[in-house]
Amino acid sequence: MRQKRVAGNWKMNGDQAQNAALLHAIAEQAEKTTAALLVCPPFPYLLQAVAALQTTGVEIGAQDCSAYQEGAYTGEVSARMLADLGVQWVLIGHSERRHYHGEDNALLVEKGRRAVEAGLKPILCVGETLAEREQGLTQQVVAAQIAPFLEHFTLQELASFCIAYEPVWAIGTGLTATPEEAQAVHAAIRAQLAEVDASWAEQVGVLYGGSVKADNAASLFSMPDIDGGLIGGASLDAGQFLAIANAAE
Ligand code: PEP
């Protein structure tokens, strides 16, 4: 039985006061949720989250890391620095990074490499645009985003990964894939992973993301291959985030 996981991607939102309130509410309720919880604050607030959640079992993720180990890369944050702060997870290839920052598969493989070297667990984000879905290319696009990782990482390294399927057209738009649409892609992802190793494919967490809210989470999370969610907007509201977490039985 795979552990359900609910991750909050705060994106570029919040300040110390808002974060304190959100973290306090999450810390208070964390014990009661059966799902594993994880929050991904912006870089400057990672330590605040580490400190606030350290005794709660809620894990911390970063939203990105550098493709480089260290050195003259102004503005970059290395995977090793994140691990040094007590961060456990890192998002790799969120569609906003792919779109606004032109991150391609080759760069993302390097980021994944740095993450694994530093002992961080990557959440590899994949998903198709609306145009790609309308052309019937969804599974092809998602498979092509995953394939370079299967090629460049050993099974032992892949064991620390989660995958997040996030249709680009559903992120921040209020549009959500139906549970059946999402399940079809999750099943295809798991079948692709099974080509590498069937027992790993059965264990790996495949999260769904894209306008998940308290009122649609339970139906999505009840699908056999959906192991929880990566939550953007709704993760900034403690009540919504915790209700979503509680929908993941
Ligand atoms: C996300 O940013 O990963 C996401 C899924 O956002 P939202 O829930 O706001 O669609």
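Leaving aside its neighbours within four places in sequence, which residues is Ala201 in contact with? Hold that thought for a minute. We will come back to Ala201.

Some background. This is a predicted model. The mean pLDDT of the protein is 97. Residues at 70 or more make up 100% of the protein. For the complex, the predictor gives an ipTM of 0.97 and a pTM of 0.97.

Now the overall fold. We have twelve helices and eight strands. The radius of gyration is 17 Å, and the globule rule gives 18 Å for 249 residues, so the protein is as compact as a globular protein of that length. Along the principal axes, the C-alpha trace spans about 45 × 45 × 35 Å. Of the 249 residues, 44% are buried. Next, contacts. Take those between residues at least 6 apart in sequence: 71% of them join residues at least 24 apart.

Back to the opening question. Ala201 sits in helix α10, residues 198–203. Beyond its neighbours within four places in sequence, Ala201 contacts Arg190, Leu193 and Ala194. Those three residues fall within the 179–194 range of α9. Is Ala201 buried, exposed or partly exposed? It is partly exposed, because 17 other C-beta atoms lie within 10 Å, and burial takes 20 or more. One distance as well. Ala201 and Lys4 are 197 residues apart in sequence, yet 15 Å apart in space, C-alpha to C-alpha.

On to helix α7. This one runs from 138 to 152. Where does α7 bend? At Ile146, by about 30°. A proline, Pro148, follows within four residues. Ile146 is also one of the buried residues of this helix. The others are Thr138, Val142, Gln145 and Phe149. What do the buried residues of α7 pack against? Three helices and two strands: α5 (105–118), α6 (130–134) and α9 (179–194), plus β5 (121–126) and β6 (162–165).

Next, the ligand. How many residues surround it? The shell holds 14. The closest are Ile171, Gly172, Gly209, Gly232 and Gly233. By class, that shell has seven polar, five nonpolar and two charged residues. Glycine counts as polar here.

Now some backbone geometry. Most residues other than glycine have a negative phi. Which way does phi go at Lys11, positive or negative? Positive, at about 55°, and Lys11 is not a glycine. Lys11 lies in the loop between β1 (5–9) and α1 (16–29). With 18 other C-beta atoms within 10 Å, Lys11 is partly exposed.

Ser211 also has a positive phi of about 55°, and is not a glycine either. Its loop runs between β7 (206–209) and α11 (214–221). Is Ser211 buried or exposed? Buried, because it has 20 C-beta neighbours inside 10 Å.

Last stop, His101. Look in the loop between α4 (95–100) and α5. His101 counts as exposed, because it has 10 C-beta neighbours inside 10 Å, and the limit for exposed is 12 or fewer. How far apart in space are His101 and Gln192? The answer is 27 Å, C-alpha to C-alpha, with their positions 91 residues apart in sequence numbering.

To recap. Helix α7 bends at Ile146. The ligand has 14 residues around it. Lys11 has a positive phi, and so does Ser211. And Ala201 is in contact with Arg190, Leu193 and Ala194. That's my tour.

Note on methods. Residues are numbered from 1 along each chain as its sequence is written. This is a predicted model: local features need pLDDT of at least 70, side-chain atom pairs count only at pLDDT 80 or more; totals for chains, interfaces and linings use all residues. The bend at a residue is the angle between axes fitted to the seven residues ending there and the seven starting there. Two residues are in contact if their C-beta atoms, placed from the backbone, lie within 7 Å. A residue is near a molecule or strand if its C-beta atom, placed from the backbone, lies within 6 Å of it. pLDDT is the predictor's confidence in each residue, from 0 to 100. The radius of gyration is taken over C-alpha atoms; the globule rule is 2.2 Å times the number of residues to the power 0.38.
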